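Here's a quick tour for anyone meeting this model for the first time. Have a look at the structure below, then read on.

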Amino acid sequence: MAMNRTEAYDLSLFDTQPITGTAVPKPRREAPVPAGNVIHLPEQEVHRRAHRRRSPMRTLGFLTALLGMLTIVTMMIFNQVQLNELTNSINQAEKALGEQQSIYVQLQMTAQDGKSMTDVEKYAEQALGMKPISEGQITYIALNDSDSGEVLHDAGQGNWWDQVVRFLSGLLS
């Protein structure tokens with residue numbers, strides 16, 4: 001929007017001739033300002049503007065809320081670290097399991113690679129010099145008829161503790 005005012009170029013506004021018709025009011029001075037620009041307030045004003053102390057309960061509530069938030073943040077960080085460690089240990093265990101399964105498959109393949117019972121018998125006879133069992137290798141031992149055992153007390157009754165145990169086991173069965 002263009003301004004059509006020309007006061008900025010009107011040099012007559014800067015003339016020192018007195019302007020007639022309007023009187024400029026003088027500024028009012030209320031009270032002289034003392035040296036050093038220090039203003040003394042009345043006693044009531046000082047107390048009204050004084051910094052009020054916070055309530056101890058309000059401060060305690062704020063600190064409790066702050067402590068609660070810090071505890072929650074700390075627990076979240078701690079849980080994330082534990083979760084990360086558990087994930088790493090699970091990955092390592094899965095890797096070890098895969099390796100062990102691979103070794104198991106290799107051993108199974110090696111065991112089934114022609115290791116039949118006849119192959120084992122041939123290896124035992126040829127490489128180790130073993131023979132199948134024969135009748136001449138069996139030795140029988142005869143015991144004397146005089147060896148015998150004697151029972152010193154009657155097992156039917158037993159002592160009082162055996163009777164209690166027998167009674168309780170009868171209830172449970």
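A residue is called buried when its relative accessible area is under 20%, exposed when over 50%, and partly exposed in between (1.4 Å probe, protein chains only). By that yardstick, buried residues make up just 1% of the 173 residues in the protein chain. Keep in mind that this is a predicted model, where local features need pLDDT of at least 70, side-chain atom pairs count only at pLDDT 80 or more, and totals for chains, interfaces and linings use all residues. Residues are numbered from 1 along each chain as its sequence is written, and side-chain values use heavy atoms, with hydrogens and water left out.

**Layout and confidence**
- The protein chain has four helices and zero strands, where helices are DSSP runs of H or I with at least four residues, strands are runs of E with at least two, and both are numbered from the N terminus.
- Its mean pLDDT (the predictor's confidence in each residue, from 0 to 100) is 78, and 62% of its residues reach 70 or more.
- Helix α2 (residues 56-111) has the highest mean pLDDT among the elements, at 94, while helix α1 (residues 43-49) has the lowest, at 59.
- Where pLDDT is low, don't read the predicted coordinates in detail.

**Surface**
- About 18300 Å² of the protein chain is accessible (Shrake-Rupley method, 1.4 Å probe; for residues, only the protein chains shown count as cover), and carbon and sulfur atoms account for 60% of that.

**Two residues to look up**
- V165 sits in helix α4 (residues 160-172) and counts as partly exposed because its relative accessibility is 39%.
- T74 belongs to helix α2 and is partly exposed too, with a relative accessible area of 49%.
- A polar atom of the T74 side chain lies 2.7 Å from the backbone oxygen of L70.

Key:
A polar contact is a pair of N or O atoms within 3.5 Å; within protein, one must be able to donate a hydrogen and the other to accept it, and residues adjacent in sequence count only if both atoms are side-chain atoms.
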